[in-house]
Amino acid sequence: SMVALMSSPSAVLLSLGTIAPDSALLVHTERDAEAAADVSTLARTTPHVQDCDLTLQQVQVCDYAAIRSAVSDRIRDHQGSSVVDVTGGTSGMTAAALVAAQLHDATIIHLRSRTTDYSFEVGTENIKVVRFRTCERK
């Protein structure tokens, strides 16, 4: 399973196509509702994504508890390995998603690419796995 915070439709589709999850949750704000709907439409005809059960969930941009809960619920409901893509969203949304991912031991990824005129340069895409150092208490 995968959770993605809404960024550009091309970034979300690239991430979904690379990870190729059976199901995914796309968390978006009201401002990004149209772009999220575009992702849902495009996903139906995009290789490696068309078979993904994609769910859209709208959240309030500053409702960090709801964002954390949406991510946590998705990870918990889809036992096994989960991936959380924090490429999109605001800084607060990213922080809420990171907390949920860490609490449930999910893999966290971030898409990096060079851009020109707000578009990805084809061939420069790179998905980075985010790792956190853990501290042991003595």
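# Notebook: contacts, cores and a helix pair

I began with the contacts of the protein chain, and of those with a separation of 6 or more, 60% are accounted for by residues 24 or more positions apart. I note here that the model is predicted, and I keep that in mind for each entry below.

**Entry on the overall layout.** I looked up the secondary structure next and found four helices and eight strands in the protein chain. Read from the N terminus on, the elements follow the order β-α-β-α-β-α-β-α-β-β-β-β. I also looked up burial, and 38% of the 138 residues of the protein chain count as buried.

**Entry on α3 and α4.** How do I describe two packed helices? In general, two packed helices are described by the angle between their axes and the distance between the axes. I looked up both for helix α3, residues 64–77, and helix α4, residues 91–103: their axes come within 8 Å and cross at roughly 35°. The crossing of α3 and α4 is right-handed. On the α3 side I wrote down Y64, I67, R68, V71, S72 and I75, and these meet G92, M93, A96, A97, V99, A100 and A101 in α4. Sorted by class, this contact of α3 with α4 has ten nonpolar, two polar and one charged residues.

**Entry on the nonpolar cores.** Which residues of the largest nonpolar core touch the most other members? This core has 17 residues, and the ones I was looking for are V3, V27, V71, V84, M93 and A97. Two or more residues of this core are given by each of β1 (2–5), β2 (23–28), α3 and α4, and the largest share, five residues, comes from α4. I then followed V84 by itself, leaving aside residues up to four places away in sequence, and found that V84 touches V3, V71, I75, A97, A101, A106, T107, I108 and I109. There is also a second, separate core of 16 residues, and A4, M6, V39 and L54 are among its members.

**Entry on R74.** I looked up R74, which is found in helix α3, and asked whether R74 is buried or exposed. R74 is buried, because its relative accessible area is 10% and the cut-off for buried is under 20%. Not counting residues up to four places away in sequence, R74 touches S1, M2, V3, S23, A24, L25, D53 and T55. For R74 and M2 I also noted the distance from C-alpha to C-alpha, which is 8.2 Å in space, although the two are 72 residues apart in sequence.

**Entry on T94.** In helix α4 I picked out T94, which counts as buried at 16% relative accessibility. With residues up to four places away in sequence left out, T94 touches L5, V86, G88 and G89.

**Entry on α1 and positive phi values.** In helix α1, residues 9–19, I listed the buried residues as A11, V12, L13, S15 and L16. Just after α1, A20 takes a positive phi of about 50°. I found a positive phi at H48 as well, near 70°, in a residue other than glycine. H48 has its place in the loop between α2 (33–43) and β3 (53–58), and H48 counts as exposed because its relative accessibility is 61%, where exposed means over 50%. D105 is not a glycine either, yet it has a positive phi of about 60°. The place of D105 is in the loop between α4 and β5 (107–112), and D105 counts as exposed at 73% relative accessibility.

**Entry on cysteines.** How many disulfides does the structure hold? I found zero disulfides in the structure. I looked up C52 and C62 for burial: C52 counts as buried at 12% relative accessibility, whereas C62 is exposed, with a relative accessible area of 57%.

**Entry on N126.** My last residue is N126, which lies in strand β8, residues 126–130. N126 is partly exposed, with a relative accessible area of 35%. Apart from residues up to four places away in sequence, N126 touches H110, L111 and R112. N126 and T18 are 108 residues apart in sequence, and from C-alpha to C-alpha they are 10.0 Å apart in space.

Conventions: Residues numbered from 1 in each chain as written. Predicted model: local features only at pLDDT ≥ 70, side-chain atom pairs only at ≥ 80, totals over all residues. Heavy atoms only, no water. Axes fitted to C-alpha atoms, helices over the stretch in contact; angles between N-to-C directions. Left-handed = near helix turned anticlockwise from the far one by under 90°. Contact = heavy atoms within 4.5 Å. Nonpolar A, V, L, I, M, F, W, Y, C, P; charged D, E, K, R; others polar. Core = buried A, V, L, I, M, F, W, Y, C linked by side-chain atoms within 4.5 Å. Buried < 20%, exposed > 50% of the residue type's maximum accessible area, 1.4 Å probe, protein only. Disulfide = S-S within 2.5 Å.
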